[in-house]
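Student: I'm new to this one. Could you show me how to read it, step by step?

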Amino acid sequence: MTALDNPPTKNVGVTRLRKEDAHLVTGRTNYTDSIQVTGLLHLAFVRSPMAHAKVARVDVSAALEQPGVVAAFTGADLADNWAAGLPCAWPVTEDMASPTHLPIATDEVRYVGDAVAVVVARTKYQAADAIEFVEVDYEPLPAVVDMEAALAEGSPLADTTSASNKSFTWQKIDGEIDDAFAGAAHVTTRRFLQQRLIPTAIEPRSVVCAPPREHNEYTLWSATQVPHILRLMLALTCGVPEHELRVIAPDVGGGFGSKLNVYAEEAVALVLARKLGKPVKWTETRSEGNQATIHGRDQIQDLSIAFNEDHTIRGLKVELHADMGAYLQLVTPGVPILGAFMFNAIYKMDALSFTCHGVFTNKTPTDAYRGAGRPEATYAIERLMDEAAHELGVEPFELREKNWIKHEEFPYMTIAGIEYDSGNYEAATAKAKELFDYDGLRAEQQRRRDAGDSVQLGLGISTFTEMCGLAPSRVLGSLSYGAGGWEHASVRMLPSGKVEVVTGTSPHGQGHVTSWSQIAADALGVAYEDVEVRHGDTSVAHKGMDTYGSRSLVVGGYAVQVACDKVIAKARKVAAHLLEASEDDIEFDSGTFSVKGSPDARTTIQDISLAVFAAHDYPEDMEPSLDSDATVDPENFSYPHGTHLCAVEVDTETGHVEILRYVAVDDIGKVINPQIVEGQVHGGLAQGIAQALYEEAIYDEDGQLKTGSLLDYYVPGAPDLPHFITDRTETPATSNPLGVKGVGEAGTIASTPAVINAVVDALRPMGVNDIRMPASPQNVWNAMQAAKANGGDA
């Protein structure tokens with residue numbers, strides 16, 4: 001049966017059950033730790049228990065005598081194997097300091113978890129046992145843990161080879177900032193703290209590396225978001241020719257940015273597979289993950305916002321201290337810089353100044369964590385707008401509405417110098433307020449306040465936008481980013497009429513196989529079930545920029561659409577030849593080519609695919625192939641937006657916070673698969689709420705991580721989260737033909753300020769104007785007591 005007999009229904013915009021799920025829920029997954037290779041050896045790392053110390057001696061001789069141990073190496077033993085240190089691909093300033101980051105430390109350890117040796121054994125248990133026999137002599141050095149103290153004169157150094165603890169200062173000033181504040185009728189100033197977070201993907205990091213067998217090629221499997229980037233960077237770090245290295249990202253269980261990196265363990269695995277001629281594997285424990293996988297956030301934010309007499313915004317000043325940790329990982333310094341373009345958010349203003357100080361400390365390196373710079377910026381501006389509304393004596397929504405960009409003003413060039421292509425903040429807010437029953441909840445809040453109820457009600461608002469898609473390449477180049485924002489896709493028409501899509505994106509839970517199948521099926525007019533999507537293997541998808549920053553659909557899906565368009569253009573030429581018509585007279589709809597005015601003169605794309613394969617009769621001026629590639633580089637970022645509203649109950653006797661109602665109305669442009677969108681929004685909300693209420697990585701004054709396991713670092717589960725009320729408005733993006741915007745980080749970006757604004761709103765009558773995140777019972781109680789001690793002003 002062909003498309004002529006049974007035209008396929010449309011796929012884009014409707015829920016299709018995910019193709020990926022069958023093998024995930026039936027135990028047929030292929031995670032990196034599941035991979036078995038003949039002769040496999042296992043690695044275990046000796047990690048520093050000290051935040052900062054000189055390494056005086058490392059002795060592995062006793063470990064070599066333990067059962068099953070094949071080899072053991074110190075940092076000095078492997079020092080000659082590195083062509084370069086681990087990479088940082090984002091030198092944000094010309095004078096940025098970036099200490100050399102060797103995969104295994106030699107002379108100095110700079111955070112708890114820094115590796116000093118590696119043991120190779122026949123089983124993972126033998127390797128884990130043997131590291132206990134490695135002897136290390138440390139000479140303790142002062143630990144640097146406080147960012148502001150780190151920049152003070154006379155501070156100890158986080159790295160004794162560096163001149164100071166400052167990595168960089170990056171500044172951007174738009175408009176006449178001094179004039180904006182000099183003539184202001186009112187200025188609101190606040191300091192906010194972004195606590196440090198630990199990503200905690202459901203699958204720990206893992207790597208397997210096998211030496212060449214039949215081909216002169218190393219094969220490295222990794223639980224990574226970035227197989228193409230990893231291949232290039234490992235080639236540069238380890239001195240292995242890029243064409244002799246194959247990187248595969250098999251099933252990957254979440255990442256959230258933590259697997260957007262080039263890690264020491266991956267480099268060590270490659271070097272040891274080369275050195276020993278044997279395949280090796282390493283999988284982190286949860287405690288290792290808390291210590292040695294990147295952390296997120298960790299900023300001090302100082303902001304001032306200036307208003308005119310009519311409450312319109314004149315200008316905004318932002319000064320950040322951003323904790324880099326001990327080393328710069330792949331994009332560490334660029335993360336806070338991304339926020340520089342988002343502090344103005346959805347608001348119009350005349351001037352904006354942004355200054356960021358990157359600071360080294362003796363803590364785990366930070367890097368991109370879901371949202372990467374945009375959650376931090378959104379939190380700051382949305383909290384600041386609530387505080388300003390309180391000081392000005394106006395309703396929080398009123399101040400926002402007075403200052404946001406109106407829908408008829410799009411496209412809009414912001415004060416930060418980027419163009420928002422589309423949006424309708426009024427529509428999203430109106431829908432959210434209706435679903436939330438905003439007026440009814442305000443009335444209930446007043447009733448509780450009047451009654452002196454011990455459980456107070458608070459309402460929180462977050463009207464946000466974000467930039468995602470991480471493109472175009474020229475803009476990234478202007479920000480000194482080491483790569484581009486393009487993406488690649490190939491579409492192969494098989495003789496049987498089936499379709500193979502090869503994508504340069506690398507999914508780890510987002511549903512690319514399903515969504516890309518929907519795009520290709522509609523574009524080509526074939527059945528959804530007839531599309532197969534291949535990804536995550538650099539020998540299959542030879543070209544790509546991988547997955548992060550909500551870029552996959554807006555760039556990767558765009559590439560799939562363009563490649564399909566090229567297939568159709570080739571097939572149209574063949575159809576014209578076979579139907580003996582002018583190419584200009586050929587129409588294409590739902591997989592069928594026909595001749596204008598001649599309804600019986602038609603053929604399907606599947607028939608043309610078989611005819612081209614046979615190559616008996618095709619136009620002389622073309623190759624006998626419909627297969628097409630596309631590399632696209634969008635002209636602009638993608639700008640999803642939305643309004644999130646949160647109602648919380650705060651028990652003023654215990655400090656306990658309970659979310660009573662949460663409404664999220666997002667505008668992500670055109671939707672490919674509504675169910676996948678819902679999943680992305682729900683997951684994002686969970687992580688944003690987790691920052692607001694539950695999670696924090698805590699270090700003591702000696703640089704010891706006090707939340708080194710899941711016993712100490714609380715990751716919320718479903719019982720800790722409310723039922724979410726979600727909906728959407730739609731203003732299509734103009735930067736891609738699909739009209740889509742990113743969604744993967746929206747929930748995380750919007751939810752944290754919505755929750756904290758609600759908690760502060762509940763306690764405002766007590767004089768509380770800020771809550772240190774997370775808003776745990778202890779932190780809420782402390783804020784209430786501070787307000788009481790200060791006469792009603794915390």
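Tutor: Sure, starting with domains: their bounds come from an automatic or database domain assignment. Here the chain is divided into domain 1 (21-28 + 486-632) and domain 2 (405-467 + 638-794). This is a predicted model, where local features need pLDDT of at least 70, side-chain atom pairs count only at pLDDT 80 or more, and totals for chains, interfaces and linings use all residues. Residues are numbered from 1 along each chain as its sequence is written, and side-chain values use heavy atoms, with hydrogens and water left out.

Student: How many residues does each domain bring to the contact?

Tutor: Contact means heavy atoms within 4.5 Å. Domain 1 supplies 14 residues and domain 2 supplies 15. Their C-alpha centres lie 40 Å apart.

Student: And what area is buried between domain 1 and domain 2?

Tutor: Buried area is the accessible area (1.4 Å probe) that two parts lose on being put together, summed over both. For this pair it is about 1100 Å², with carbon and sulfur atoms giving 66%.

Student: Now helices. At what angle do helix 11 and helix 20 pack?

Tutor: Helices (H or I, at least four residues) are DSSP runs, numbered from the N terminus. Axes are lines fitted to C-alpha atoms, for helices over the stretch in contact, and angles run from 0 to 180 degrees between N-to-C directions. Helix 11 (residues 374-392) and helix 20 (residues 746-763) pack at about 30°, their axes 8 Å apart. That makes helix 11 roughly parallel to helix 20; angles under 35 degrees count as roughly parallel, over 145 as roughly antiparallel, 65 to 115 as roughly perpendicular and the rest as oblique. Residues in the contact include Tyr379 and Arg383 of helix 11, and Ile756 and Val760 of helix 20.

Student: How do helix 19 and helix 20 cross?

Tutor: The axes of helix 19 (residues 674-693) and helix 20 come within 7 Å and cross at roughly 40°, so the two helices are oblique to each other. Among the contact residues are Gly684 and Gly688 of helix 19, with Gly747 and Ser751 of helix 20. By class, this contact has seven nonpolar, eight polar and no charged residues. (Ala, Val, Leu, Ile, Met, Phe, Trp, Tyr, Cys and Pro count as nonpolar, Asp, Glu, Lys and Arg as charged, and the others, Gly among them, as polar.)

Student: What about helix 11 and helix 12?

Tutor: Helix 12 covers residues 396-403, and its axis comes within 8 Å of that of helix 11, crossing at roughly 110°. Helix 11 and helix 12 are therefore roughly perpendicular.
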